[in-house]
Amino acid sequence: MPETEQFDLIVIGAGPGGYVAAIRGAQLGMKVAIIEQRDQPGGVCLNEGCIPSKALLDSSELYSRAGSQFSQHGIEIPPPRLNLAAMLRRKDGIVKKLGDGISHLFNSHEIQRFIGTARIVAGEPDTPLQVLVETKGQLPLIDPGGVPLQDQEIALQQLQGARILLATGSEATPLPGIPFDGQVVVSAREALSFDTVPQHLIVAGGGYIGLELGSVWKRLGAQVTVMEMLPQILPTMDRQVADTLYRSLRKQGIQFKLGTRITAVRRIGAKAIVQYNAGTGSEEIDCDKVLVAVGRRPNSSESWYDQLGIVRDEKGRVVVNEDYRTSREGMYAIGDLISGPMLAHKASMEAIVCVERIKGQPSLVEYDSIPAVCYTHPEAASVGKTEEQLKAAGIPYIVGRSNYAASGRARCLDESEGFVKILAHATSDRILGVHIIGAHASDLIAEATTVISFGGTARDIALTCHAHPTLSELIREAALDIHHQAIHG
Ligand SMILES: Cc1cc2nc3c(=O)[nH]c(=O)nc-3n(C[C@H](O)[C@H](O)[C@H](O)COP(=O)(O)OP(=O)(O)OC[C@H]3O[C@@H](n4cnc5c(N)ncnc54)[C@H](O)[C@@H]3O)c2cc1C
């Protein structure tokens, strides 16, 4: 084994948590190593999550619009024809380009990158922790698209770090007693790369991953049935937003079975029979794919977690304090591996704050203002408290609302479905939550996030001039509505 290399910071996992931490560490003058078992950095987010799903959502939306909406704009085109292989190639190309970009950033920040699986070994008491990397080859300074990995030797390397940051993320949770088989019973990873459009796709789970990927395949021609155990979809979102989205997706042809528990899946060749119970006894439905999107669990089950005594909660999430320190001296954890919403931007914010705190800088994640988005059509986005949460907490609030139908820009875009809902404190006027359903909700939520982060009020938004004609005027109109001053309400 070669001599042990010493680092100020060793990051395990190069997702949006890990790679951002590595770059911030290097910016702050640390000697940083990052270890990632995938050939390409970016984690779940880039390789099988946020980015490929949005690439397919955008392509499939264009396809469905070309078939139905172009003629309303006076654009007559022959009926569109799907070239799925080209659509998947485009998605893969985007992922590859962004992955190369991250590799380039590692290079330019002189971060040593190791491609391999990391495991930590406890040495003698009071000796630094050793990280073993089963690696396909050390690439000290990555040349994007450089040496082909398969030509390199598998080797075990040993690193030593003053601090180790765990950013190993999460994986899809299977249905109880129904393991993934990678072909018929699949996770999002496979559902982002089906090489033919399924005839009937059953989606287990009415959360954002299931609804986004269900939308993609519905638009491309599949029959899609979403089965959800709870009586509603998107349980963490504002109820009015979730209910509006439910009606809209049903109108688009997605079928829903709410309050339904999948009990078994029987494979018959390339097909499957799904057994479920909707409260009236066992029923069956056949399909050719089952996408299981019922949640994700942290990657914290490797034996070295136990050997090192790293404390985890009942869901397997690593327990950390406000500095992101684990129970083991010198070790930190962020992202999907710890508690909180499993979102890429949350992981990245924690990465920056964790590393800055290691360097003694004051830094904080504002957990009350982390936006969440469901990239269906219409999009649903929210930040802060929901009406249900405010009611439960007994906090007095006022609701302001504006409708897309009253927006000139929304009309020009043919996007008159949806609304903006602002919840402001009844006496202080401080914005407590903003919930949007409609076109470009994912972008509109940024203004609300900024105002909430700064402790701003509905009046602050109302007094701010918004460009006309834009969808952002809907935010101002909703803020004006809090004080019964909406112009177009
Ligand atoms: C289909 C889908 C769509 C999504 N869409 C969105 C979205 O639109 N917006 C959003 O905010 N979030 C989205 N997410 C969630 C988002 O991807 C995650 O919250 C985010 O990736 C978490 O980042 P992370 O850095 O904590 O972990 P990850 O991205 O999971 O990265 C962890 C990395 O660690 C590596 N690793 C694990 N163990 C080891 C080891 N022992 N040695 C070396 N490497 C290891 C893994 O290979 C992985 O690459 C989506 C997820 C999915 C599945």
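In this predicted model, Glu379 has Gly438 of strand E21 as its bridge partner. That pair belongs to the contact between strands E18 and E21, which run antiparallel and are joined by six bridges. Strand E21, residues 431–438, is also joined by six bridges to strand E20, residues 419–425, and this pairing too is antiparallel. Within the pairing of E20 and E21, Val420 stands opposite Ile436, and Ile422 stands opposite Val434. The two strands form a hairpin with five residues between them, and in its turn Asp429 has a positive phi of about 75 degrees.

These strands are part of an open, antiparallel sheet of five, ordered E17-E18-E21-E20-E19. At the edges stand E17 (372–374) and E19 (397–403); each has a single partner strand, so one side of each lacks a neighbour in the sheet. From one strand to the next, the twist averages 10 degrees. Helix H7, residues 239–251, packs on this sheet and touches E18 (379–384), E20 and E21. The direction of H7 makes about 5 degrees with that of E21. Strand E21 itself is mostly covered, with eight of its eight residues buried.

Ahead of the helix, the loop between strand E9 (223–227) and H7 contains Thr236. Is Thr236 buried, exposed or partly exposed? Thr236 has 13 other C-beta atoms within 10 Å. A residue counts as exposed with 12 or fewer such atoms and as buried with 20 or more, so Thr236 is classed as partly exposed. Between Thr236 and Val95 the C-alpha to C-alpha distance is 29 Å, with a separation of 141 residues in sequence.

On the scale of the whole chain, the domain assignment gives three entries: domain 1 (5–47 + 92–171 + 297–365), domain 2 (174–294) and domain 3 (369–482). The centres of domain 1 and domain 2, taken over C-alpha atoms, are 33 Å apart.

The ligand has 35 residues around it, of which Gly13, Gly15, Gly43, Gly169 and Gly335 come nearest. Two or more residues of this shell are given by each of strand E2 (32–36), helix H2 (43–48), helix H3 (50–68), strand E3 (112–121) and helix H9 (344–358). Which element provides the largest share of the shell? That element is H2, with four residues. By residue class, the shell divides into 16 nonpolar, 15 polar and four charged residues.

How values were computed
Residues are numbered from 1 along each chain as its sequence is written. This is a predicted model: local features need pLDDT of at least 70, side-chain atom pairs count only at pLDDT 80 or more; totals for chains, interfaces and linings use all residues. Domain bounds come from an automatic or database domain assignment. A residue is near a molecule or strand if its C-beta atom, placed from the backbone, lies within 6 Å of it. Ala, Val, Leu, Ile, Met, Phe, Trp, Tyr, Cys and Pro count as nonpolar, Asp, Glu, Lys and Arg as charged, and the others, Gly among them, as polar. Two strands pair if DSSP finds at least two bridges between them. Axes are lines fitted to C-alpha atoms, for helices over the stretch in contact, and angles run from 0 to 180 degrees between N-to-C directions. Two residues are in contact if their C-beta atoms, placed from the backbone, lie within 7 Å.
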